[in-house]
Amino acid sequence: MPSGTGSGDASKQRAAEMEAGKRAAAARALDLLEPGMKIGLGTGSTAEIFIELLGERLRRDRLDITGVPTSKATGRAAQRAGVPLTTLGAASWLDLTVDGADEVDPNLTLIKGGGGALLIEKIVASASDRMVVIADDSKRVSQLGAFPLPVEVTPFGWQTTAAVIEATLDEHDVDGRKAVLRLKGDAPFLTDEGNMIVDLKLKRIGDPERLAANLNLIPGVVDTGLFVGIADLALFGRADGGVERLGDAAPRRQ
């Protein structure tokens, strides 16, 4: 057998299992929909699966559902799926936001922003009665931090902002303190709002709430990928099609 064939097959198998888990979680989230809802549409691979399935559901059942996209990419995906769209300003308040996550801890605290849309994702989720996270079961962790924490920063003086971020990390319960500018090719990655992303290689986050609060005090920081007290329910899909729940489907915000 050629060198690496076994590991390649294992990687393909794991990727297929993750894809099946994402699809199972996205399909289960459809059960939360009711006619007339205004819903936030998240960004990322799992959210795109939900949007695809939502479009199929709307065509089949003729549900009156309107979506608010959290990124340009999500808006394009929704248009392809035939999901009617509006803006958050026009909708004012949403019944539900469905979005993915990069990590979810037992307290429903999240790391998000791997796709670079954390700011709008947080604004939309916070303007919703409920936020439901959909993910494959690999995103469920006992403690946050293995996935790099995205921090959105203004382009002006970003080097200084990153240095202050690293100095601030010395005062927190984390195992790593490296801040790395996210690139797209050879140029800085830019968000839809024209900001940059600095990814923090922390390995472990002992107190996510305190870290989020202190990072947001730094001039030049727009927001962080730590979602604290925002998610209400997480649906974790497994490769066998089963779905595990964490949290309560009842809304916290009224």
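**Exercise 1.** In this predicted model, find the buried residues of helix α6 and state which side of the helix they occupy.

*Solution.*
Step 1. Apply the cut-off: a residue is buried under 20% relative accessible area.
Step 2. In α6, this picks out T161, A162, I165, T168 and L169.
Step 3. Look around the axis. These residues cover an arc of only 120 degrees, so they sit on the same side of α6.
Step 4. Turn to the face pointing away from the buried side. Q159 and T160 are exposed there.

**Exercise 2.** Which elements do the buried residues of α6 pack against?

*Solution.*
Step 1. List the strands: β7 (149-153), β8 (178-181), β11 (196-201) and β12 (221-224).
Step 2. Add one helix, α7 (208-215).

**Exercise 3.** Compare the reach of α6 with its expected span.

*Solution.*
Step 1. α6 runs over residues 158-169, which is 12 residues.
Step 2. From first C-alpha to last, α6 reaches 16 Å.
Step 3. At 1.5 Å a residue, 16 Å is expected, and the reach is close to that.

**Exercise 4.** Describe the largest nonpolar core.

*Solution.*
Step 1. Start with a general tendency. In soluble globular proteins, nonpolar side chains tend to be buried together.
Step 2. The largest nonpolar core here has 29 residues. I39, F50 and L54 have the most contacts inside it.
Step 3. Elements giving two or more residues to this core include α1 (5-29), β1 (38-41) and α2 (45-61).
Step 4. α2 gives the most, with six residues.
Step 5. Take L54. Beyond residues up to four places away in sequence, L54 touches L30, L33, I39, L41 and V83.
Step 6. A second, separate core has 23 residues, among them V141, V151, M196 and I205.

Conventions: Residues are numbered from 1 along each chain as its sequence is written. This is a predicted model: local features need pLDDT of at least 70, side-chain atom pairs count only at pLDDT 80 or more; totals for chains, interfaces and linings use all residues. Side-chain values use heavy atoms; hydrogens and water are left out. A nonpolar core is a set of buried Ala, Val, Leu, Ile, Met, Phe, Trp, Tyr and Cys residues joined through side-chain atoms within 4.5 Å. Buried means under 20% relative accessible area, exposed over 50%, partly exposed in between (1.4 Å probe, protein chains only). Helices (H or I, at least four residues) and strands (E, at least two) are DSSP runs, numbered from the N terminus. Contact means heavy atoms within 4.5 Å. The expected span of a helix is 1.5 Å times one less than its number of residues. The arc is that of the directions from the helix axis to the C-beta atoms.
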